[in-house]
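Work through the exercises below with the sequence and the structure in view, and try each task before you read its solution.

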Amino acid sequence: MTEDGTGRLDDQAFAEWLAGEAGVALTALRAEQGFADAKALKDAGDKVSHDLMSTALARWRPADAVLSEEQADSRRAWADDPSAGDRPTRLTADRVWIIDPLDGTREFSESGRDDWAVHVALWQRSAGPDGALVAGAVGMPARTGPDGTPLVLGNRVPAAPAVDGPLRIAVSRSRPPAFVSELVEGIGARAVPMGSAGVKVCAVVTGEVDAYVHAGGQYEWDSAAPVAVALGAGMHASRIDGSPLRYNRDDPRLPDLLVCRPEHAGSLLAAIDRYR
Ligand SMILES: Nc1ncnc2c1ncn2[C@@H]1O[C@H](COP(=O)(O)O)[C@@H](OP(=O)(O)O)[C@H]1O
Ligand SMILES: [Mg+2]
């Protein structure tokens with residue numbers, strides 16, 4: 001890991017640095033291990049990236065709590081058992097890093113695919129009535145940015161200009177929500193399947209698509225960093241019933257979301273309401 005005085009970076013710069021570092025490790029792992037055993041590669045990817053990020057967070061942000069997909073008990077709904085002992089420190093901490101060390105794990109394990117990502121978000125309790133995402137970065141290590149280095153999007157990316165033509169809606173490649181094909185047909189849109197929640201949200205920001213609709217299951221780490229990037233670019237991000245996305249809850253399940261260009265939010269929420 002780079003010994004570069006990272007403790008002095010501000011939180012946003014640190015999030016982008018960490019997403020980049022994890023991406024370098026994941027790219028090296030893919031090259032070393034190869035694709036013959038997909039399960040072994042997925043497992044190794046989750047572990048290598050989680051370990052790297054946990055070590056860096058413990059070193060450079062030791063006072064902060066962490067919620068990572070790869071932690072023990074990460075999926076546990078503490079709300080179901082308020083008397084349970086050993087509640088995680090994130091439930092009282094002011095600052096919580098919400099990380100998905102490898103999003104789009106399936107695509108990571110398939111040769112030639114570049115739709116997988118690293119998510120780093122910082123949620124702060126004191127930043128709003130329900131807390132708020134105050135920093136976020138999505139690394140897409142198999143894609144290249146304008147400077148030729150692996151792509152990392154932060155929360156100050158300018159939104160791409162609007163494009164004429166049918167609405168393009170990003171959907172899960174392997175688990176598209178049941179109602180979305182009817183929705184797409186009903187409003188004359190076009191579905192664009194791709195892997196990784198982070199890649200799909202970033203595709204809205206970069207103008208590859210106009211919206212991303214998901215339902216049926218997801219966790220806070222799947223959307224926290226991507227939503228920080230989308231909100232920073234002025235995009236709409238909410239649950240599919242239009243209610244706010246809230247993070248660092250007792251129950252980390254956050255099963256659905258809509259991210260879209262703001263001019264489409266009203267009509268898409270109404271259409272989702274008709275078709276779901
Ligand atoms: N129905 C579901 N239940 C739980 N998680 C889901 C889900 N559908 C998608 N996800 C999660 O959302 C991320 C993006 O999925 P997809 O590529 O299908 O859009 C994946 O994260 P991971 O790769 O980190 O597990 C995946 O596990
Ligand atoms: Mg994920």
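## Exercise 1: the two domains

Task: State which domains the protein chain has, and find how they meet.

Solution: The domain assignment, whose bounds come from an automatic or database source, divides the protein chain into domain 1 (6-153) and domain 2 (168-275). This is a predicted model, in which local features need pLDDT of at least 70 and side-chain atom pairs count only at pLDDT 80 or more, while totals for chains, interfaces and linings use all residues. Residues are numbered from 1 along each chain as its sequence is written, and chains are lettered from A and ligands numbered from 1 in the order in which they are written.

As a next step, take the distance: the C-alpha centres of domain 1 and domain 2 are 20 Å apart. Then take the contacts (C-beta atoms, placed from the backbone, within 7 Å), where 35 residues of domain 1 meet 26 residues of domain 2. By class, the side of domain 1 that touches domain 2 holds 19 nonpolar, six polar and 10 charged residues, with Ala, Val, Leu, Ile, Met, Phe, Trp, Tyr, Cys and Pro counted as nonpolar, Asp, Glu, Lys and Arg as charged, and the others, Gly among them, as polar.

## Exercise 2: the ligand

Task: Describe the residues around ligand 1.

Solution: Begin with the 16 residues around ligand 1 (C-beta atom, placed from the backbone, within 6 Å), of which T105, S172, G195, A197 and G217 come nearest. Sorted by class, the shell around ligand 1 has one nonpolar, nine polar and six charged residues. Finally, domain 1 and domain 2 each give at least three residues to this shell.

Note on methods: Contact = placed C-beta atoms within 7 Å.
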